Amino acid sequence: MRSTEQINLIKQTQSNPWQIENFLSTAEVENLKDYFFSKQSLLDQKSRKLGHLGLIGPEANHKGGADAIQFVLDRLQEQVGKFEVRNATFFLATQPHRIHNDDAKHLPRTFKAFTMPLWVESGNCENAKLIMFEQFYYGGPTKFLGGDSDELRNKDRGVRYDNKISYNLYNYDTVEGINDKGIDPDIKTKYLSHIPPNHIKGLSIHKMFDWKIGSVVGFDSLRLHCASNFKKAGISKKLGLAVFTTYKN
Ligand SMILES: [Fe+2]
């Protein structure tokens, strides 16, 4: 676990999540998308299946990725100041990510995470959402499966997020900000139908962002978040670029 001192340092740099539209031009989006699909076809079967093209960090799976997104990193640093990139990856999602935080097992001084929507297959991209909860978790990379039990651990949950490098949390006693506000039933039906009700018990929504092509959503990486059930909105796949950062003095 992180010490109280480490957690307080992380809290000093926290802010409300935000979205900037047209962060990337149409041509830049097209170039990044083409880059992904040209390189993705060269990956091994397992990586192709996961839809991850790792650019920077322990999961980087091809050369040249850092150069391809340097202009994006420079632009992000103009927004939030200097950072170190812990991990940067393209991800092609065929299933909506369930509730998680974006942490690393070595418990770094995490800073902002950035998601840049690049493409959707069929459907309207604005019907897909990136959902930010009010709660935070400081205990490592985690999927939030409140109320489930260990016996379900090996059952296929239809989620591929960091299966090998994240923990499962079944009890939210150590999650910060748990409350009894609840979540609007309409939002649950429309956007959260892929999340079992017990997983969102005690959680509340801070903000929902449209999966708008060319935009960037910035947020604190230890904030709980998930994707909406974009499949229900008629979107079969979505491609994004994610950058996870560590604070740099
Ligand atoms: Fe995430």
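This report walks through the fold of one protein chain, from its overall dimensions to a few single residues.

## The model as a whole

The structure is a predicted model, and its average pLDDT over the protein chain is 91, with 94% of the residues scoring at least 70. One stretch stands apart from this: over residues 154–163 the pLDDT stays under 50, and for these residues the model has 11 contacts beyond four places in sequence. Where pLDDT is low, the predicted coordinates should not be read in detail.

In the protein chain there are 6 helices and 11 strands. Along the principal axes, the C-alpha atoms fill a box of roughly 45 × 45 × 35 Å. A compact globule with 249 residues would have a radius of gyration near 18 Å, and because the protein chain has 17 Å, the two values agree. Of the 249 residues, 37% are buried. If one takes the contacts between residues at least 6 apart in sequence, 86% of them join residues that are at least 24 apart.

## The sheet of six strands

Which strands form the open sheet of 6 strands, and in what order do they stand? The order is β1-β9-β4-β11-β3-β2, and the pairing is antiparallel. Strands β1 and β2 (52–56) stand at the edges, and each has a single partner strand, so one side of each is left without a neighbour in the sheet. On average, neighbouring strands of this sheet are turned by 20 degrees against each other, direction ignored.

Helix α5 (residues 70–80) packs on this sheet and touches β3, β4, β9 (216–220) and β11, while its direction makes about 120 degrees with that of β3.

The table lists some of the strand pairs in the model, with one pair of facing residues for those shown.

| Strand pair | Bridges | Residues that face each other |
|---|---|---|
| β3 (residues 83–93) and β11 (residues 237–247) | 10 bridges | Val85 and Thr245 |
| β4 (residues 110–121) and β11 | 9 bridges | Thr110 and Thr246 |
| β2 and β3 | 4 bridges | Gly54 and Thr89 |
| β5 (residues 129–136) and β8 | 5 bridges | Ile131 and Met208 |

Strand β11 thus pairs with β3 in the antiparallel sense, and β11 also runs antiparallel to β4. In a regular strand the side chains alternate between the two faces of the sheet, which is useful to keep in mind when looking at the strands in the structure.

## The sheet of three strands

An open sheet of 3 strands has the order β8-β5-β10, again with antiparallel pairing. Here β8 (205–210) and β10 (223–227) stand at the edges with a single partner strand each, so one side of each is left without a neighbour in the sheet. Neighbouring strands in this sheet are turned by 20 degrees against each other on average, direction ignored.

## The nonpolar core

In soluble globular proteins, nonpolar side chains tend to be buried together. In this model the largest nonpolar core has 55 residues, and those with the most contacts inside it are Met116, Leu118 and Leu241. Strand β4 gives the most to this core, with 5 residues. When neighbours within four places in sequence are left aside, Leu118 is in contact with Val29, Leu32, Lys33, Ile213, Leu239, Gly240 and Leu241.

## Two residues compared with the cut-offs

Is Leu76, a residue of helix α5, buried or exposed? A residue counts as buried if 20 or more other C-beta atoms lie within 10 Å of its own, and Leu76 is buried because 22 other C-beta atoms lie within that distance. Not counting residues up to four places away in sequence, Leu76 touches Phe114 and Val243. The C-alpha atoms of Leu76 and Val243 are separated by 9.6 Å, although these residues lie 167 residues apart along the chain.

Gln19 has its place in strand β1 (residues 18–20). With 17 C-beta neighbours inside 10 Å, Gln19 counts as partly exposed, since this class lies in between the cut-off of 20 or more for buried residues and that of 12 or fewer for exposed ones. Beyond its neighbours within four places in sequence, Gln19 is in contact with Phe209, Ser215, Val216 and Val217. Gln19 and Phe219 are 200 residues apart along the chain, and their C-alpha atoms are separated by 9.0 Å.

Definitions and conventions: Residues numbered from 1 in each chain as written. Predicted model: local features only at pLDDT ≥ 70, side-chain atom pairs only at ≥ 80, totals over all residues. Pairing = 2+ DSSP bridges. Helix = DSSP H or I, 4+ residues; strand = E, 2+ residues; numbered from the N terminus. Rg over C-alpha atoms; globule rule 2.2 N^0.38 Å. Contact = placed C-beta atoms within 7 Å. Axes fitted to C-alpha atoms, helices over the stretch in contact; angles between N-to-C directions. pLDDT = per-residue confidence, 0-100. Core = buried A, V, L, I, M, F, W, Y, C linked by C-beta atoms within 7 Å.
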